[in-house]
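Please open the model in your viewer and keep the selection tool at hand. The stops below proceed from a single residue to the chain as a whole.

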Amino acid sequence: MSAPGDDRDDGVVMITCRRASVLLSRREDLPLGRAEAMKLRVHLALCGMCRNVARQWAALRLAMQRLRDRDQ
Ligand SMILES: [Zn+2]
């Protein structure tokens, strides 16, 4: 899904998949701002492809956690 003005998503409710994937990876490191988190949530509600990506991130995080727990 791409629209003209790809990276300029300010004020636009529906973000692009590329933007969504950036936000997904970024939120692994630091919490998103409220507006960003909201836009991401809206996108995930509407986009199955990015929901899959989000699931993979979640699975990865879980796997890392298990690995860490095992080491302790
Ligand atoms: Zn998407």
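Begin by selecting Lys39 in this predicted model. Lys39 counts as buried because 21 C-beta neighbours lie inside 10 Å, and the threshold for that class is 20 or more. The residue belongs to helix α2, which spans residues 34-46.

Keep Lys39 displayed and add Arg19 to the selection. Although 20 residues separate the two in sequence, their C-alpha atoms are 9.8 Å apart in space.

Next, colour the chain by secondary structure. The display should show 3 helices and 0 strands, in the order α-α-α along the sequence.

Which residues make up the largest nonpolar core? Select Ile15, Ala20, Leu23, Leu40, Cys50 and Ala54: these 6 residues form that core. Two helices, α1 (17-26) and α3 (48-71), each contribute at least two of its members. As a general background to this stop, nonpolar side chains in soluble globular proteins tend to be buried together.

From the core, isolate Ala54 and inspect its surroundings. Once neighbours within four places in sequence are set aside, Ala54 is in contact with Leu24 and Leu44.

Finally, return to the whole chain. Its length is 72 residues, of which 12% count as buried; Lys39, the starting point of this tour, is a buried residue. For contacts between residues at least 6 apart in sequence, 47% link residues at least 24 apart.

Notes: Residues are numbered from 1 along each chain as its sequence is written. This is a predicted model: local features need pLDDT of at least 70, side-chain atom pairs count only at pLDDT 80 or more; totals for chains, interfaces and linings use all residues. Helices (H or I, at least four residues) and strands (E, at least two) are DSSP runs, numbered from the N terminus. Two residues are in contact if their C-beta atoms, placed from the backbone, lie within 7 Å. A nonpolar core is a set of buried Ala, Val, Leu, Ile, Met, Phe, Trp, Tyr and Cys residues joined through C-beta atoms within 7 Å.
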